[in-house]
Amino acid sequence: MKKKNWLALLMAGAMLAGALTGCGKKEEDNTGDGALKTVTEGKLTVAISPDFAPTVFVDPSREGQDQYVGTDVSLIRFIADELGLELVITPMSFDACQTAVSMGSVDFSVNGYAPTESRAENYLFSDPYRMSEGDGQTVICMASKLDQFTDLPNSTGLKGGVQSASLQENLMREQLPNIEVTYFSELNTGIMQLRNGDFDVMGVDGTNANAILAANPDIVSTGFYYEYETQGNVALIKKGNEALADAINGVLPNAQEHFADWLAEAKELADIGVEIILDDEGNVVTPAPAN
């Protein structure tokens, strides 16, 4: 009798293990049957790092999911509507966005991503899209130090700030090899670190540079632009999820007619950088920290 009970338990355990294994396989391969499936049924979960105006950023006058704005945010709202899914925007750091895609904790990520070779090894891309022809890739610095950076390709002993795993990191390493690469977590933090002297110059997308310079009169362009021809931006999708890539690609042509309006709206809303105060002579006065 005991023997039969043990046998029954073993069989039940084997069946349970098989069921769990089957569930695990189903979850792992749930994009391989051609059907569109998302992390949460009925929802589209998208990771962004909202510090990249005018692409993805925060409008402080709004709350909740509505506070996230920008050209890519307008795009993902459009995609979710077209697919009949509820959009869930998940803010996190730039690095974490890419990790979340790899781990499958979000459906995809948009953040002005360039389709680089290194990213192609780890992610599935959507079709490229362009909100504009772009403003190139450049390097900015403090206005008070501009005369020190008139020949960046031949400069030595300098530190350059970039976001980790970004296009700007690749470009700085390749085209300004004499500059020591230093990382910042987000653009606002990078601006503060540039002011603090943690690094001498800062590599940014040209469109972001325009927003930064407009909001921060103590920061200017070095005048240096990398040799780079934009291919547009892409959404990063987990490898193997062709169904989602196909769904996004099917929506992109219909979205294109809205690109100009989304860009104009984002530029109007964009206000990137740490608030600064100027004295009567135009010098920057760092505001005292709030208690």
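In this predicted model, the axes of helix 2 (residues 71-83) and helix 8 (residues 242-255) come within 10 Å and cross at roughly 115°. The two helices are therefore roughly perpendicular to each other. Helix 2 also packs on an open sheet of five strands.

**Helix 2 and helix 8**
- The crossing of helix 2 over helix 8 is right-handed.
- Helix 2 contributes Leu-75, Phe-78, Ile-79, Glu-82 and Leu-83 to the contact.
- From helix 8, the contact residues are Ala-247, Ile-248, Val-251, Leu-252, Asn-254 and Ala-255.
- By type, the residues of this contact are nine nonpolar, one polar and one charged.

**The sheet**
- The five strands of the open sheet are in the order 4-1-5-12-6, and their pairing is mixed.
- Strand 4 (86-91) and strand 6 (123-125) are the edge strands, each pairing on one side only.
- From one strand to the next, the twist averages 35°.
- Strand 1 (residues 43-48) and strand 4 run parallel and are joined by six bridges.
- In this pair, Lys-43 stands opposite Glu-86 of strand 4.
- Helix 2 touches strand 1, strand 4 and strand 5 (108-113) of the sheet.
- The direction of helix 2 makes about 150° with that of strand 4.

**Confidence**
- The pLDDT averages 84 for the protein, and 81% of the residues score at least 70.
- Residues 1-32 have a pLDDT below 50, and this stretch has five contacts in the model beyond near neighbours in sequence.
- Over residues 272-279 the pLDDT also stays under 50, and the model has 29 contacts for them beyond four places in sequence.

Definitions and conventions. Residues are numbered from 1 along each chain as its sequence is written. This is a predicted model: local features need pLDDT of at least 70, side-chain atom pairs count only at pLDDT 80 or more; totals for chains, interfaces and linings use all residues. Side-chain values use heavy atoms; hydrogens and water are left out. pLDDT is the predictor's confidence in each residue, from 0 to 100. Contact means heavy atoms within 4.5 Å. Axes are lines fitted to C-alpha atoms, for helices over the stretch in contact, and angles run from 0 to 180 degrees between N-to-C directions. Helices (H or I, at least four residues) and strands (E, at least two) are DSSP runs, numbered from the N terminus. Angles under 35 degrees count as roughly parallel, over 145 as roughly antiparallel, 65 to 115 as roughly perpendicular and the rest as oblique. A crossing is left-handed if the near helix is turned anticlockwise from the far one by less than a right angle, and right-handed if clockwise. Ala, Val, Leu, Ile, Met, Phe, Trp, Tyr, Cys and Pro count as nonpolar, Asp, Glu, Lys and Arg as charged, and the others, Gly among them, as polar. Two strands pair if DSSP finds at least two bridges between them.
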